Amino acid sequence: MPGATLTPTELGDLVGRARLGEATAWEALVRGTSSAVYRGLAAFDVAADVRDELYHETYIKLVERLDTIQQPAALPAWLMTTARNQALQYLRKRARLVPVADLPDVGSVFELDEALLDDELRVAVARAFRHLSSACQQLLRLLTATPPLSYAEIAELLDRPIGSLGPQRIRCLKQLRLAPELIAFIDVAPT
Amino acid sequence: MPTHPFDSDDDVLALLGDVLDSIEAPSASAVEGAEQLFALRQLDGDLMDLAADSNETSLAQRGTEAGRLLRFESGGCQIEIDAHFGDGVVTGQLTPGGVSAITTVTSAGASRFDSDALGRFLQPIAGRGLHRWSVRFADGRICVTPIVRL
């Protein structure tokens, strides 16, 4: 359930009001940043209920550290980093508990629930996205996060040079457009 | 001339973002739980470190253990928590001792009680949810634990 995209000013305002004890500001902050947190978790191969738990744990970190947030505008990137760290910590613990042979392939695609989509084009986009490389999926998730992330923040999250993001974005979008699932939506105008 | 329903990159990303928001979203109960976390924030004091936890693998093993031992530390103050889920109680030990005021906050609300002169306390627990303790020690220091899920 995505919230409206928060501007940096709105983020700063909500963080400030939450620090002063305004519960409704905290709730708006959660709704407005949930997409970013979930984008940070979606690339990991964990069950949906565990993903929800990790989402929750990420906000526990935020509620504990709300007073120490220096740059509210950078909060989406902070949340994504925290969510990713939570997921990595969980996967490390799971690896210690589960025989390696029983572990599913790390990096397998997110289970898409197409029943949540309500038209043919959106279902096709979801299917095309599922068939992209995991690197493209990861980049496109970050490029579509709300509130939006800067290229510098995305480069840091992906641990890649910032200069590589533009060319990769072009390649990934081209792959998406040319996916067999979406080719069917190309109309040929009469000549 | 072929045309595509989304010719510009911005249009593609906007559509994809909308699709991902539909299919990769937290459950309503997870969002509600995150919203309710704010009740756990209303504590001022020195944030303690979790120094020991009998359930290091908390997320992966949650719900399988009969009890939980936790030790929190900050500077010279220490809180030890021993949760007995079967009995529905937490026993605790504060260091330094002396009668201290303890506040326990859960997402359901806060409760306040005192330790005995040796820094010991006994507290009923309703369940395994999120907990946070704040202690005003006899010397006036206030120490607050991080939020933990019992």
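## Exercises on helix packing and backbone geometry

In this predicted model, the buried residues of H8(A) pack against H5 and H6 of chain A and also against H1 of chain B.

**Exercise 1.** Which residues of H8(A) are buried, and where do they lie around the axis?

Solution. Start with the helix itself: H8(A) has 13 residues and reaches 18 Å from its first C-alpha to its last, close to the 18 Å expected at 1.5 Å a residue. Next, list the buried positions, which are A:Cys172, A:Leu173 and A:Leu176. Their arc around the axis is only 95 degrees, so they sit on the same side of H8(A). This fits the general rule that an α-helix has 3.6 residues a turn, so residues three or four places apart point the same way. Finally, A:Pro167 and A:Ile170 are exposed on the other side of H8(A).

**Exercise 2.** Compare the C-alpha span of H1(A) with that expected at 1.5 Å a residue, then locate its buried residues.

Solution. The expected span is 1.5 Å times one less than the number of residues. For the twelve residues of H1(A), 8–19, this gives 16 Å, and the end C-alpha atoms are 16 Å apart, so the two agree. The buried residues are A:Leu11, A:Leu14, A:Val15 and A:Ala18. They cover an arc of only 100 degrees, and are therefore on the same side of H1(A). Just after the helix, A:Gly21 has a positive phi of about 100 degrees.

**Exercise 3.** At what angle do H5(A) and H1(B) pack, and which residues make the contact?

Solution. Helix H5 of chain A (120–130) and helix H1 of chain B (9–23) have axes 10 Å apart, at an angle of about 85 degrees. Angles of 65 to 115 degrees count as roughly perpendicular, so H5(A) is roughly perpendicular to H1(B). H5(A) contributes A:Arg122, A:Val125, A:Ala126 and A:Phe129, while H1(B) contributes B:Leu15, B:Leu16, B:Val19 and B:Ile23. By class, the contact has seven nonpolar, no polar and one charged residues.

**Exercise 4.** Where do the cis peptide bonds at A:Pro147 and B:Pro96 lie, and is A:Asp159 buried or exposed?

Solution. The general background is that most residues other than glycine have a negative phi, and most peptide bonds are trans. The cis bond between A:Thr146 and A:Pro147 has omega of about -5 degrees; A:Pro147 is in the loop between H6 and H7 of chain A. The cis bond between B:Thr95 and B:Pro96 has omega of about 5 degrees, and B:Pro96 is in the loop between strands S6 and S7 of chain B. A:Asp159, in the loop between H7 and H8 of chain A, has a positive phi near 55 degrees. A:Asp159 is exposed, because 6 other C-beta atoms lie within 10 Å.

Conventions:
Residues numbered from 1 in each chain as written. Chains lettered and ligands numbered in written order. Predicted model: local features only at pLDDT ≥ 70, side-chain atom pairs only at ≥ 80, totals over all residues. Helix = DSSP H or I, 4+ residues; strand = E, 2+ residues; numbered from the N terminus. Buried ≥ 20, exposed ≤ 12 C-beta atoms within 10 Å, placed from the backbone. Axes fitted to C-alpha atoms, helices over the stretch in contact; angles between N-to-C directions. Parallel < 35°, antiparallel > 145°, perpendicular 65-115°, else oblique. Contact = placed C-beta atoms within 7 Å. Nonpolar A, V, L, I, M, F, W, Y, C, P; charged D, E, K, R; others polar. Arc of directions from axis to C-beta.
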